[in-house]
Amino acid sequence: MVTSKIKKFIISLGLFAAVCFVFAATTDLSARFLDKAETAYEDGNIDDAYKYVNQALAVAKDESSQANVLYFAQTVYTVKLQKIWENYDENAFEEVKGFIEAYPKIENRKIKTLIRQIENGVASAEKQEAAQRQQDQFNQMMEANTSQTEKLIEQQRAEAEQRSRRDAEFKQSIESGFSNMGKAFTDSAAETKRSTKVLTFSIIGIALLILIIVSLIVLVVRKGFKAQQVQQEQYVQAFKMLAANQSQTNRIMLGGVTDLYGANPTMRIAGSSTWAPAAALPDVEFSEDDQEELKQLAIKCEEIGTKIDAVTGRKNNSKNVSELVYKLSMALGLPQGMSMLYFCAAMIYDAGFLGIDPELLGATNLTDEQKAALNEHVKLADKHLDFVPKKYWEVFEDAAMKHHENIDGSGYPNGLKGDEIPQIARLIRVAETFVSLSSKRNYRETMDKETAIAKLREQPQFYDSTVVDVLDQIV
């Protein structure tokens, strides 16, 4: 039993000696690392001093060794953080903060201040970088906007030039129409009035007519781009003055006359679909009532056309379509009177839209049911055409109800095809689509003339190819 106790004592004594040896060795190792750290620090090698002082901290066990190491570690860490502050290294900074978390006694007020300064500096640098990125993005956006604005200005300038050219051509066509009408009136007066007194009055009337036309042309040139209402009033006054100087034997021009003063006068049926002469209509005498009726018809058409454009949101659509229909009619060889009548009817071809719910007209994504309701506008025009004289009713009705019929019969509301579709409806079908393609819409950009014509040619099942060919020649 005594022997057993002696063995236990010897073992315990050996373990104690081993612990003392390890402790002494550890203390000695900590001191050696600390010496290396101090030597490196004196040599100005802060990174090595920082490395050795961390190793000394790791092996220091007793409080005395730790105190010595911690005191010197604060000096090394202070210099290390100052270097990081001068030349920021994110990895080195995170490593320092990690050691401080492991050995919190290292941190003193100066070290805390340096860490705060570095963190604030990093945050400030990040903010500056973010601000610079935002500035760069803003500059890029401004450059893109500037480029887009320049393109838009150039496009608007081109559109203005094109619109000016179209207006000039239209005015020239109207002036030519006046000239042709004056010649016709002169020839008629020479054939039907032989007496000296009547001839004298005719010459005086023609002289007055020439003066009026010259005055009108000068007025148009000086006020070239006035509102549509002023232009239309001028046309109406010109018609009225022309009619006032003509005898009771002259026929009304807007009644569908095709060859007013030819050797074999004939008239075209108002609702005709072909481009060849058709059967005759009864003659219409140009009375004072007819003059007033013509004036009121022109004024009313322009007034309603303006309302249609307002509810549909298509600026100047009625004016542009009616002018193009007039030019097409003349280019196709239709008489002046018929062309003028088509001009008036084309101003109010979409009168049915006045009977459609405004909210439906302003909708963007339409359901099939809403599209069907919108198509009903061709059947709602009649109550807005009650001002049209009975002798012109067929042309206006064809314009309003049949301008969505297609050559192949796929249109609406009646599925007419080929020659079943009246002239005025075919003209409007082509003119309306061309004006739409050439005008800016919310859902697409404008097309140039060549692209719009090509688009029409791609769909001969919808549009009269003869009309499209003529359109290509005049625009």
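Is Phe 93 buried or exposed, and what is its relative accessible area? In this predicted model, Phe 93 is buried, with a relative accessible area of 2%.

## Aromatic pairs

The structure holds six aromatic pairs. One of them joins Tyr 88 and Phe 93 in a tilted arrangement, with 6.3 Å from centre to centre and 55 degrees between the planes. Whereas Phe 93 is buried at 2%, its partner Tyr 88 is partly exposed, with a relative accessible area of 38%.

The rings of Phe 462 and Tyr 463 also form a pair, and because their planes stand at 85 degrees, with the centres 6.1 Å apart, this pair is edge-to-face. Here Phe 462 counts as partly exposed at 22% relative accessibility, while Tyr 463 is buried, its relative accessible area being 6%. Elsewhere, Tyr 50, Tyr 77 and Phe 99 come together as one aromatic cluster.

## Salt bridges

Side chains of opposite charge can pair when their charged atoms come close. The structure holds 17 salt bridges, and among them is the one between Lys 379 and Glu 376, where the closest N and O atoms are 4.0 Å apart. Both partners have part of their surface accessible: Lys 379 counts as partly exposed at 45% relative accessibility, and Glu 376 is partly exposed as well, with a relative accessible area of 35%.

## A network around Arg 457

Which residue meets Arg 457 in a salt bridge of 2.6 Å, N to O? The partner is Asp 469, whose side chain meets that of Arg 457 at this distance. Asp 469 lies in helix α16 (residues 465-474) and Arg 457 in helix α15 (residues 449-457), so the pair ties together parts that are 12 residues apart in sequence. Asp 469 is partly exposed, with a relative accessible area of 32%, and Arg 457 is likewise partly exposed, with a value of 40%.

Arg 457 also forms a salt bridge with Asp 472, in which the closest N and O atoms are 3.1 Å apart. This pair, too, links distant parts of the chain, since Arg 457 belongs to helix α15 and Asp 472 to helix α16, 15 residues apart. Asp 472 counts as partly exposed, at 29% relative accessibility. Through salt bridges that share partners, Lys 449, Arg 457, Asp 469 and Asp 472 are joined into one network.

## Patches on the surface

Where does negative charge gather in a patch on the surface? Such a patch is formed by Asp 35, Glu 38, Glu 42 and Asp 43. Of these residues, Glu 38 has its place in helix α1 (residues 2-42), and at 30% relative accessibility Glu 38 counts as partly exposed.

A nonpolar surface patch of about 410 Å² is made by Phe 201, Ile 204, Leu 208 and Leu 211. Leu 208, one of the residues in this patch, lies in helix α6 (residues 196-222). With a relative accessibility of 44%, Leu 208 counts as partly exposed, because that value falls between the limits of 20% for buried and 50% for exposed residues.

Conventions: Residues are numbered from 1 along each chain as its sequence is written. This is a predicted model: local features need pLDDT of at least 70, side-chain atom pairs count only at pLDDT 80 or more; totals for chains, interfaces and linings use all residues. Side-chain values use heavy atoms; hydrogens and water are left out. Patches are made of residues with over 30% relative accessible area and no salt bridge: like charges are joined within 9 Å, nonpolar side chains (Val, Leu, Ile, Met, Phe, Trp, Tyr) within 5 Å. Accessible areas come from the Shrake-Rupley method with a 1.4 Å probe; for residues, only the protein chains shown count as cover. Lys and Arg count as positive and Asp and Glu as negative; His and the chain ends are not counted. The place of a charge is taken as NZ of Lys, CZ of Arg, CG of Asp or CD of Glu. Helices (H or I, at least four residues) and strands (E, at least two) are DSSP runs, numbered from the N terminus. Buried means under 20% relative accessible area, exposed over 50%, partly exposed in between (1.4 Å probe, protein chains only). Rings of Phe, Tyr and Trp (its six-membered ring) pair if their centres lie within 6.5 Å; planes under 30 degrees apart count as stacked, over 60 as edge-to-face and the rest as tilted.
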